[in-house]
Amino acid sequence: MQRLEGLSKLSGVERYLDDEPLEGPLKGCLWGMTVRSPASRGKIRSVSYDPAFDWSQFVVVEPCDIPGPNETYLIENDQPVLAPGYVRHMHEPVALIAHPDRALLRRAVASVKVEIEPDPPVLDFRVAPRPDQIQRGNDNIIKKLQIKKGDVHAAFARAHRIIEGEYETGGQEHVYIENNAMSAWIEDGPNGDVVVVRGSMQCPYYVLNALKHALKRDESRVRVIQAPTGGGFGGKEDYPSTIALHCALLALKARRPVKIIYDRSEDMAATPKRHPSLVRHKTAVDKNGKLLAQYIEVILDGGAYVTLSPVVLSRGIIHAAGPYSCDNVLIEGKAVLTNSVPYGAFRGFGAPQTIFACERHMDRIAHALGLDPLEVRRINLIKDGQTTSTQQTISDGTDRHALLDAALRASEYDRHKRESAAFNASHPYLRRGIGLSTVLHGAGFTGNGEVYLNSKVDVGATPDGKIEVLAASTEMGQGTNTAFTKIAADAAGFVPSDVVIGTPDTFRVPNSGPTVASRTVMVVGKLIERAIDDLASQLGQNGKPLRGPVLKAAITQWHAANPGKELKGRATYAPPPNVKFDDKNYVGDAYATFAWGVCIAHVEVDLRTASVRLLDFTSMQDIGKVINPVLAKGQVQGGVVQAIGWALSEDIKFKDGGMLNNTLTNYIIPTSDDVPPIRVVFHETPYRFGGGGAKGVGELPMDGPAPAILNAVANATCAQAMSIPLTPERLLPLLPA
């Protein structure tokens, strides 16, 4: 099945918010912009508006114009919509301004002067704060979590060797193709005026909840519609709530429609990024490299407000021990407050940071013991019947050793290894090497998250005999609409052209949960199948569901007999049986299931310049049943490329808490010239509680490439790099003289 919206995107017909004409509900539209803090921390002494401008022609919104609490609704409501007299990070929103002339608006906003009485900021999460830097509790810690299994201390006492390592990862910019964009206008409704917000987003119900909270309105007076969205990667999970609130506040004050379109520099400077991390490993092993005990300390830079850091930390520590069996594990994690721009969701959601540390550490263990890294993994890979760090018994039928062997064959591992050794012996300054990583990724929300979400999906039956999928899950380039169409068509026995995907509009679709956490196809896809079962059962006889042409005919007959009425099938999430997680103690089934993967990187290092070039990359993935091979392959390849950038070049530079390299001329992402042949191989172990048998595919591809690349660099040069991005400046001092 071809990608549904592929042609419109390929041909440029697809209209994103900035492309849309100012007509219809946007007729008479104003442009909105944000006045931001010039300092990382301090009291706002004054906000001065340049008298050279006629401010009566502008609409200005300040904190006093917010009708409800000045809070952005999320896990903790500590982040203000507009700074109420005090700022905690550079570029924090202070005021909003709108005007019909976009160029004049830009000059006016630049003329506004925000004076700050500075307080000492915290700009390095690895250093304990001084007393005058404390801003939360008595230690600036946003969240602490712990996983405990067995007796780590006793195992260390009897270990053959104890191997320690410290690993660091930097931040990462999402670099979605479309910048953040939002529009808002006011409509009449049965209970009073309705604030309508339409924009680029992943999670319409997150935005709805934020609007309800800060605008002090109920659901009948707030409506959120997703516009075509040019990429997200987590960057449009929580932050669109902020822009939606800003846009809505301007529209309410102006009583006119408003558009806010961030340019690339503002988007990069002011919006969340991947959490930087510091992870320490201390591991007890026997003489064969068998893991006896793992002590892992995880520290994340949370930035200035809580946002999603507690859940990013949670996912990070759950994945920190890797896909290995170990009887004694202690993992302690904390997210700490700094005065950086708040860090947020990003593909992998904390797992890439901790898996990077784990997989580099596995190679360090092998190096310390004089063993082959491949064999160290082979003897520790978890088998069915063994347990993870949270004591979840794995029993999904996936043969992880067979997965590893298949990846080795697909990558021609042995040949590359032999040829690299011969090449290195003959070349004066180029060195080649091969490295691998073995990874896992929990699909869906962590622990009881899916139960708390209580997601819902409706399937409408239209008078022409088609079915319409009504879900809040969003298409943002990953192929949701195509996957949902395939799942719905297969479940109903229809052809794909008889399936319509409804626009995520909170006035039309139920809350099927956010489009995050590799849950869309697996969790929401299963709900679609169950909603179709419900619809087909309503039309069947004696509860026996109909399928195919019989179902189609029954739908048209029902509408003929019930003109003007709605016919819908419905489903609400129910967890798979025997899945239990203790949220307080982090014991039990952290996820209903895991996806598994193996990455193998083949690299070439230039000893003169310390530049790293990828020659070949293999990604082996077990994601349950593959719903659409082309889209799934694209997800994997995209994730690998994104991870190559994180591993080698994407180096965020800060000055006084502000991003220095916030343009695409000095923030270096991979180009087509930097991407090697990427071999994607799928191993299918269908998951019966996933839509069409699928597990999540969105995030797993991001987890393994960075450690595989650095392990390959170590194999090529003996340089034991412990941090990323591994730029030439960082690698050069590690290379042999």
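This is a short dialogue on reading the fold, the sheet and the hollow spaces of a predicted model.

Me: Where do I start with the overall build, and how many helices and strands are there?

Reply: Start with a count of elements: the chain has 19 helices and 28 strands. Then look at the extent, where the C-alpha atoms fill a box of roughly 75 × 75 × 50 Å along the principal axes.

Me: What does the radius of gyration say about a chain of 737 residues?

Reply: Set the value against the one expected for a compact globule. For 737 residues that would be near 27 Å, and the chain has 26 Å, so the two agree.

Me: Let's turn to a sheet. What is the strand order in the open sheet of seven strands?

Reply: Read across the sheet, strand by strand: S3-S5-S1-S12-S9-S10-S11, with mixed pairing. Strand S3 (59–61) and strand S11 (222–226) are the edges, each pairing on one side only. On average, neighbouring strands are turned by 25° against each other, direction ignored.

Me: How many bridges join S3 to strand S5?

Reply: Three bridges link S3 to S5 (residues 93–99), and these two strands run antiparallel. For a place to look, find Val61, which stands opposite Leu96 in S5.

Me: Which strands do helices H2 and H5 touch?

Reply: Helix H2 (residues 102–111) packs on the sheet against strand S1 (30–36), S5 and strand S12 (258–261), and its direction makes about 15° with that of S1. Helix H5 (residues 239–254) also packs on the sheet, touching S1, S3, S5, strand S9 (181–189), strand S10 (192–199) and S12. The direction of H5 makes about 50° with that of S9.

Me: Now the open spaces. Which residues are closest to the centre of the second largest pocket?

Reply: With a pocket, take volume, lining and chemistry in turn. The second largest pocket holds about 510 Å³ of space. Its lining has 23 residues, and Arg126, Gly170, Pro276, Ile652 and Phe654 are the closest to the centre. Strand S8 (161–169) and strand S28 (723–724) each supply at least two lining residues. By class, the lining of this pocket has eight nonpolar, seven polar and eight charged residues.

Me: And how many cavities of 30 Å³ or more does the structure hold?

Reply: There are five. The largest cavity has about 110 Å³ of space. Of its 16 lining residues, Gln79, His89, Pro93, Tyr239 and Ala270 are the closest to its centre. That lining divides into nine nonpolar, five polar and two charged residues.

Me: What about the second largest cavity?

Reply: The second largest cavity has a volume of about 80 Å³. Its lining has 13 residues, with Ile318, Ala321, Gly322, Thr388 and Ser389 nearest the centre.

Methods. Residues numbered from 1 in each chain as written. Predicted model: local features only at pLDDT ≥ 70, side-chain atom pairs only at ≥ 80, totals over all residues. Heavy atoms only, no water. 1 Å grid on protein atoms, 1.4 Å probe; cavity = no way out; pocket = protein on both sides within 12 Å on 5 of 7 lines; lining within 4 Å. Points joined across faces, edges and corners; volume = space filled by probe spheres on them. Helix = DSSP H or I, 4+ residues; strand = E, 2+ residues; numbered from the N terminus. Nonpolar A, V, L, I, M, F, W, Y, C, P; charged D, E, K, R; others polar. Pairing = 2+ DSSP bridges. Axes fitted to C-alpha atoms, helices over the stretch in contact; angles between N-to-C directions. Contact = heavy atoms within 4.5 Å. Rg over C-alpha atoms; globule rule 2.2 N^0.38 Å.
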